[in-house]
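Thanks for asking me to look this one over. My notes follow as numbered points, so you can check each against the coordinates.

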Amino acid sequence: MVKIIIYTGLSLSFDEAREILDSHDDVEVIYKRPIKRGDLGHDMKENPDIIGIIDGVFHQNSSVGHKEILNVINSGVTVVGASSMGALRASELDSLGMTGIGYVYEQYATGKVASDDDVAVMLDSETLEALSEPLINMNYVFTNAVSENIITQEQKDELIKIAKSTFYPKRNYSQTLNSSNLDDETKSNLINFIRVSVDIKKEDAKELIRYIADMIK
C-alpha cells in the first residue's frame, strides 16, 4: 500500500484533485488543507511514502519550515512541490532532494520571481476560496496578452507596477485595471482575454497530481 499526503484546497480543490488521483486498492491518498508550520511533524505519524505540497499558509500562521521538509526527505519520503508554497519551497530545496514541478516552480528556480508575495492570496479560512488574485497569475496572463497584441509591453509594465504596489489581500484584476491608464477598448479586450485565460497555479497543481500518479503506476 502506497500512502500519499497532498496539501491543497486553494489552488486546486480536493474534488478536482481526486478526479486525477484518488484512493484505490493499492493506494491511499489523503488530501489536507494548506500546510502550516508543524503539520509535517504531526502528519509523518501516518507514515506517508509521498508528500505533495501545493498550498500553504504565508501570513495567517507560520509557514512550513525548510528544516521540517528536509527532515521528511531525509527520512526517505519523496516530497514534491508546485503551484504556490510548494513551488517556493521546492525552488529553495531542489538541490537537497525536493522535486519541483511546473511554471511557478521554474519562475522561482530561475530567479525570475523571488518574493513569496507573488503567490500569496487572501483566502476564506472556512471554504478555502481565494478572495484575491495572485500576482504570478496576473503576470502570466498579462505576458500572454502582450504576445497576443492585446496590450503593449509598456501597458503590461504599468499593470504589474500597480498590482505589485497593492497589498496582496486587495489585489485583483478589477482594481488593477481601474487604476491604470488603459483606454476603455483595451480594457474591454483585456477583460475578455482574462476570462478565457488559464489559472496557471491550478494548472501547476494538476501537473503535480499527475506527476505523482505517474510515479506510482
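**Notes on the model**

1. Let me start with a loop: N47 sits in the stretch that connects helix 2 (39-43) with strand 3 (50-53). Please bear in mind throughout that this is a predicted model. The backbone at N47 deserves a look, as its phi is positive, about 55 degrees, although the residue is not a glycine. Is N47 buried or exposed? Its relative accessibility is 61%, and since exposed means over 50%, N47 counts as exposed.

2. A second residue belongs beside that one on your list. S83 is not a glycine, yet its phi is positive too, at about 80 degrees. S83 is found in the loop between strand 4 (78-82) and helix 4 (85-93). How much relative accessible area does S83 have? The value is 0%, and because buried means under 20%, S83 is buried. If you go through the backbone angles yourself, these two loops are a handy pair to view together: N47 is exposed, whereas S83 is buried.

3. Next, the strands. Strand 1 (residues 2-7) is mostly covered, with 5 of its 6 residues buried. Which way does strand 1 run relative to strand 2 (residues 27-32)? The two are parallel, and 6 bridges join them. For a spot to zoom in on, try I6, which stands opposite Y31 in strand 2.

4. Stepping back to the whole chain, the secondary structure amounts to 10 helices and 5 strands. The radius of gyration is 18 Å, close to the 17 Å that the globule rule gives for 217 residues, so the protein is as compact as a globular protein of that length. Along the principal axes, the C-alpha atoms fill a box of roughly 60 × 35 × 30 Å.

5. On packing, 50% of the 217 residues are buried. Taking contacts between residues at least 6 apart in sequence, 66% of them join residues at least 24 apart.

6. Finally, surface and charge, which you may want at hand when setting up a calculation. The accessible surface comes to about 10,600 Å², and carbon and sulfur atoms account for 45% of that area. How many side chains of each sign does the protein have? There are 22 positive and 35 negative ones, and the centres of these two sets lie 4 Å apart.

How values were computed. Residues are numbered from 1 along each chain as its sequence is written. This is a predicted model: local features need pLDDT of at least 70, side-chain atom pairs count only at pLDDT 80 or more; totals for chains, interfaces and linings use all residues. Side-chain values use heavy atoms; hydrogens and water are left out. Helices (H or I, at least four residues) and strands (E, at least two) are DSSP runs, numbered from the N terminus. The radius of gyration is taken over C-alpha atoms; the globule rule is 2.2 Å times the number of residues to the power 0.38. Buried means under 20% relative accessible area, exposed over 50%, partly exposed in between (1.4 Å probe, protein chains only). Contact means heavy atoms within 4.5 Å. Accessible areas come from the Shrake-Rupley method with a 1.4 Å probe; for residues, only the protein chains shown count as cover. Lys and Arg count as positive and Asp and Glu as negative; His and the chain ends are not counted. The place of a charge is taken as NZ of Lys, CZ of Arg, CG of Asp or CD of Glu. Two strands pair if DSSP finds at least two bridges between them.
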